[in-house]
Structures are given as C-alpha cells and as structure tokens.
Amino acid sequence: MHLVLAAKYMGAAIATLGLGGAAMGIALVFVALINGTSRNPSLRATLFPQAILGFALAEACGLFCLMISFLLLYAV
Amino acid sequence: MFLSPLDQFEIKPIFSYSDTFMLSNYSIYLFIIFTIMWSFKYLLNNGSLAPNRFSLVIFSIYDTVLNMVKSQMGNQGGIYFPLMFTLFNFIIMANLVSMMPYSFAYSAQLVAIIFLSMMLWLGVTITGLAKHGWGFFALFVPTGTPLPLVPVLVMIELLSYSSRAMSLGLRLSANVLSGHLLMFMLGSLMLNLMSLSLVGFMGGFMPMAGVVMITMLEFAMSMIQGYVFCMLLCGYMKDALYLH
C-alpha cells in the first residue's frame, strides 16, 4: 500500500516536468514579440493580441500537466 | 482544519424542498451570472445624452468582440456576433465571479464546460454541412496535397478536427481549475506556516507574495481565457463557413 502511495507521489512529481516545456513556449512567444516590436514598432498593436493568444495557448498546454498532477494527488 | 483542495469544486445542495426541487450552489451561481448579463440591459442608459461609466465598459466589450469577429470572419460573419458576445460575457462573468473569495468556481466544472464546447463544435459542424453539403469534407484535404498522401492526411485532419470539441472546453476549465487549486494550496500553506511559531510567521510572508502574484495572474487569465475561447471558436466557424 505504501508502495502505491509512493508511486502516486512520484507520478505527480514527474507530471509537473511538462511545465518546463510550457515555460519555454511562453518565453519563445514573448521573444518573438520583442523581436517583432523592435524591428517595426508601428506593428505593436497588431502583434500584441496574437502574442497574448499564443501565450494563452502555450500556458494551457502546461496547465494540462499541472491538472494531471493534481488529479494524481487528490482524486486518484 | 486542512480540507482537501478539491472540496471547493463540490456541488452541494443549498436549499431543497421534498426531493422534487433542489437548489445547489451550481445553479445559484448560474443564476448570478445570468443576472449580471441581464443587467446589461439596464446599465445602458439609452435615453441620456452621454453614456455613463457602465455603458463605457459594455461599449468596450462590444468593440473588442466586434473587432474579433470582423477580423476572423469578415463582414459576412456579423450574424454570429450575438453568439460570440453572449459567450464572451458568459465566460468572463463566470470566471470573474469565481474570483471572489469563498465563492464557487462555475467554469471549473469540467462536465458543464466540456459539454458546452462539444455542443458548440457540433453546431459549427452542422453549419458547415448545411452550407456546403458533401463539399464540407474538402476541409480535411489541404490544398495541393499529392494523391498518395491524401488518406493519411485525411485521418490526421479528422483527428485534429474532432479533438477540437474537447480541447476548447478543457483549456478553459483546466486553467480555472488549476488556478483555484494553486491559490487554495498556497493560502493554506501560508495559514499553517504562520500559525506555527514566530519564525514560521516571518517565513509566511514568502508564500503571501506568491499568493498576491497568482491572484493577479488569475484575474488576467480569467479575461484572457474568455477572449481565447471566442477567438478559437471564430476560427473554427471561419473554417466551416469558407473551407480553408
């Protein structure tokens, strides 16, 4: 029984590793936004909503990992 | 004292009358959200000379959603504007009402939100089929595909098209769910740490900064998620209406 409990906690810990990918994705989105804005500052109003959209999509993918980890901890 | 963090999402009966009529916290929050949306009608002072501050908020929401619909679907997509405006307001109100302390997170109910997104996806698919007939299935073959690749690509496109039904609602719901869990866990950590000792009281200020940051992020997220939901639905609607 303790072994199952340990496996549950280890699984929850491993599931959070996917958040690293989401962090890199969010960073890439904002790097691209800064690049685009510094090359052509007049495009900022066009680029910003798309960057926010990309940020939300990348963040949601990371949150799936976080949700799996919470489910393992509290719902399994 | 330490409750399970998932207890806050439990649907509990608040008021019940002889097994036939039951008012849960779920239905009460649904009623609150609809009341706020209905009150838009009265917040707009139609007869006055200048708009008041509530009207300005509603006008700016209107402008945001109209820009989104026009940029995705062109001028002909204007008939879908009322649907998008209602959805946007519904999701934003559900998210913002759930940010009040001790309230119930309506949009963290995975069943309700995923069912909503599946029905929207079904409606989009039926719209496309009614508009184009069998020609709707041209959506699954990208333009300029060599013939041997067509069966494989159709399978991949079919998979990605049908997974939209789940992913649209799961994105919103998982965001709200994990945000509220995170706030609850940091808050209970702060409470336990600060009630422990004087050193713990000092150390408890660190998670407090985290809670403040996470709360600000959640307020931003609750608005961004409503925007993203409507924007993606506009994109799916554009696919069904114009095919590629």
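**Exercise 1. The second annotated span of chain A**

How much of residues 54-75 of chain A is helix, how much is strand, and how far apart are the end C-alpha atoms?

*Worked solution.* Keep in mind that this is a predicted model. Start with the record: UniProt, in an unreviewed entry, annotates residues 12-34 and 54-75 of chain A as "transmembrane region". Next, look at the second of these spans. Residues 54-75 of chain A are 100% helix and 0% strand, with 30 Å between the end C-alpha atoms. Then take residues 12-34 of chain A, where the span is 87% helix and 0% strand and the end C-alpha atoms lie 35 Å apart.

**Exercise 2. The layout of chain B**

Work out the order of elements in chain B and how spread out the chain is.

*Worked solution.* First, count the elements: chain B has eight helices and two strands. Read from the N terminus, they run β-β-α-α-α-α-α-α-α-α. Now turn to the overall spread. The radius of gyration of chain B is 22 Å, well over the 18 Å that the globule rule gives for 244 residues, so chain B is more spread out than a compact globule. Along the principal axes, its C-alpha atoms fill a box of roughly 75 × 55 × 45 Å. Finally, check burial: 25% of the 244 residues of chain B count as buried.

**Exercise 3. The two strands**

Describe how β1(B) and β2(B) are joined and paired.

*Worked solution.* Locate the strands at residues 13-17 (β1) and 21-24 (β2) of chain B; they pair in the antiparallel sense over four bridges. One bridge to find on screen joins B:S16 to B:M22 in β2(B). The two strands form a hairpin with three residues between them. In that turn, B:S18 has a positive phi of about 50°.

**Exercise 4. Annotated spans late in chain B**

Compare the record with the model for residues 181-202 and 208-234 of chain B.

*Worked solution.* The unreviewed UniProt entry lists several "transmembrane region" spans in chain B, including 181-202 and 208-234. Residues 181-202 of chain B are 86% helix and 0% strand, and their end C-alpha atoms are 24 Å apart. Residues 208-234 of chain B are 100% helix and 0% strand, with end C-alpha atoms 39 Å apart.

**Exercise 5. Where the chains touch**

Which element of chain B gives the most residues to the side that touches chain A?

*Worked solution.* Begin with the totals: 13 residues of chain B and eleven residues of chain A make the contact. On the chain B side, α6 (150-194) and α8 (205-242) are the elements that give two or more residues. Of these, α6(B) gives the most, with six residues. By type, the chain B side has eight nonpolar, four polar and one charged residue.

**Exercise 6. The core and an exposed serine**

Find the residues with the most contacts in the largest nonpolar core, then decide whether B:S162 is buried or exposed.

*Worked solution.* The largest nonpolar core has 48 residues, and B:F229, B:C230, B:L233 and B:C234 have the most contacts inside it. Among the elements that give two or more residues to this core are α3 (44-75) of chain A and α4 (81-97) of chain B. The greatest share comes from α8(B), with ten residues. Zoom in on B:F229: leaving aside neighbours within four places in sequence, B:F229 is in contact with B:L87, B:I91, B:L168 and B:L172.

Now move to B:S162, which is found in helix α6 of chain B. B:S162 has 11 C-beta neighbours inside 10 Å, so B:S162 counts as exposed.

Technical notes: Residues are numbered from 1 along each chain as its sequence is written. Chains are lettered from A and ligands numbered from 1 in the order in which they are written. This is a predicted model: local features need pLDDT of at least 70, side-chain atom pairs count only at pLDDT 80 or more; totals for chains, interfaces and linings use all residues. The radius of gyration is taken over C-alpha atoms; the globule rule is 2.2 Å times the number of residues to the power 0.38. A residue is buried if 20 or more other C-beta atoms lie within 10 Å of its own, exposed if 12 or fewer, and partly exposed in between; C-beta atoms are placed from the backbone. UniProt positions are given in the numbering used here, feature names are shortened, and annotations may be inferred rather than shown by experiment. Two residues are in contact if their C-beta atoms, placed from the backbone, lie within 7 Å. Ala, Val, Leu, Ile, Met, Phe, Trp, Tyr, Cys and Pro count as nonpolar, Asp, Glu, Lys and Arg as charged, and the others, Gly among them, as polar. Two strands pair if DSSP finds at least two bridges between them. A nonpolar core is a set of buried Ala, Val, Leu, Ile, Met, Phe, Trp, Tyr and Cys residues joined through C-beta atoms within 7 Å.
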